[in-house]
Amino acid sequence: MASRYYQEMQESFRSNNKSREFPAHTAKVHSVAWSCDGRRLASGSFDKTASVFVLEKDRLVKENNYRGHSDSVDQLCWHPTNPDLFVTASGDKTIRIWDVRTTKCIATVNTKGGSRPFWRESTRKQLSVIICPLLSGENINICWSPDGQTIAVGNKDDVVTFIDAKTHRSRAEEQFKFEVNEISWNNDNDMFFLTNGNGCINVLSYPELKPIQSINAHPSNCICIKFDPTGKYFATGSADALVSLWNVEELVCVRCFSRLDWPVRTLSFSHDGKMLASASEDHFIDIAEVETGEKLWEVQCDSPTFTVAWHPKRPLLAYACDDKEGKYDNNREAGTVKLFGLPNDS
């Protein structure tokens, strides 16, 4: 028998089942995130900018566009307790901290590339491995520690840099020997998690950054990771199209969600920790009830979804897809942000 919560949320989504679009950028949106108070939504785009919207009643009103990066804004996140600060990670090898009260960048921090093996053919017609510094280092992942003191940024060279959020100086820099995907602290701020290209979850102590455990989570690339607000679970998404749910205390898998057919790109827990949204190249977002694994709802999309984010206080889901501007030019990217869960008559 379906839980009371399940029935209530199904009824709510039946009444609020439309998604509304809001123009945000001139190119595809890579990342969306809510401020801790839920008043603002930020988006980062391939067009090198970030945008911030204010949620007014039942619509998003664009507040500002933030310029300064010279390459794509691949991920962003807000300060965990200060609703005025957010940080962006860009392919230009910098992160920028922004304050919505001033609309200006309050800090730009340069991050370094790393060294990674690459192969070339030697004069003996044998393959030999050469270690050399690469000139890449584009930043692709970023997260803010739960205590607000540290920002971690990961780049394409599998270097994770830990930056002091007050002094804007690097506290530590770790070069990993495997493909690092998404990164996150646990809610207690004493462990640091990485998903990797070998299908593993690597758990490090924090701030010591000593290996605690390597969990074989998936048979293929482990792409994304999210912790639920209650601190009970975290979820990972993989190239095997599965989402796995893990008990934080015991580091054991308690449940898998298998309704998607494509690699899972993005995850988000609802504010109460009872719903989990997951998305991929499938043309829908799966919303599951966490405790049962049952499908609670499907949000229909016309194209692959890059990013999803539940509102921190309401059953309201922000997301962005690989949309084209079909009305005017089908080759042009739409750059829109979408909201699911608004009342149908709003």
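**Entry 1. R4 and E8**

I looked up R4 first and recorded it as exposed, its relative accessible area being 66%. The model I am reading is a predicted one. I then turned to E8, which counts as partly exposed at 43% relative accessibility. R4 and E8 form a salt bridge, and I noted 3.2 Å between the closest N and O atoms. Both residues belong to helix α1, which covers residues 4–15. They stand four residues apart there, about one turn of the helix.

**Entry 2. K28 and D322**

I next asked which residue meets K28 in a salt bridge. The partner is D322, at 3.8 Å from N to O. I located K28 in the loop between β1 (18–23) and β2 (29–34), and D322 in the loop between β29 (317–321) and β30 (324–325), so this pair ties together parts 294 residues apart in sequence. For K28 I noted a relative accessible area of 21%, which makes K28 partly exposed. D322 is likewise recorded as partly exposed, with 22%. Because the buried class is set at under 20% relative accessible area, K28 at 21% falls outside it, and D322 at 22% falls outside it too.

**Entry 3. E298 and K295**

I checked E298 and found its side chain in a salt bridge with that of K295, at 3.3 Å from N to O. How exposed is each partner? E298 is partly exposed at 27% relative accessibility. K295 is partly exposed as well, with a relative accessible area of 36%.

**Entry 4. A network**

I also looked for linked salt bridges and entered one network, made up of D84, D99 and R101. As a general remark, I wrote that side chains of opposite charge can pair when their charged atoms come close.

**Entry 5. The whole protein**

I then asked how many salt bridges the structure holds. The total is 15; the pair R4 and E8 is one of them. For secondary structure I recorded one helix and 32 strands. Of the 346 residues in the protein, 54% are buried. I looked up contacts between residues at least 6 apart in sequence and found that 45% of them join residues at least 24 apart. Finally, I noted the exposed surface of the protein as about 15900 Å², with carbon and sulfur atoms supplying 47% of that area.

Definitions and conventions: Residues are numbered from 1 along each chain as its sequence is written. This is a predicted model: local features need pLDDT of at least 70, side-chain atom pairs count only at pLDDT 80 or more; totals for chains, interfaces and linings use all residues. Side-chain values use heavy atoms; hydrogens and water are left out. A salt bridge is a side-chain nitrogen of Lys or Arg within 4 Å of a carboxyl oxygen of Asp or Glu. Helices (H or I, at least four residues) and strands (E, at least two) are DSSP runs, numbered from the N terminus. Buried means under 20% relative accessible area, exposed over 50%, partly exposed in between (1.4 Å probe, protein chains only). Contact means heavy atoms within 4.5 Å. Accessible areas come from the Shrake-Rupley method with a 1.4 Å probe; for residues, only the protein chains shown count as cover.
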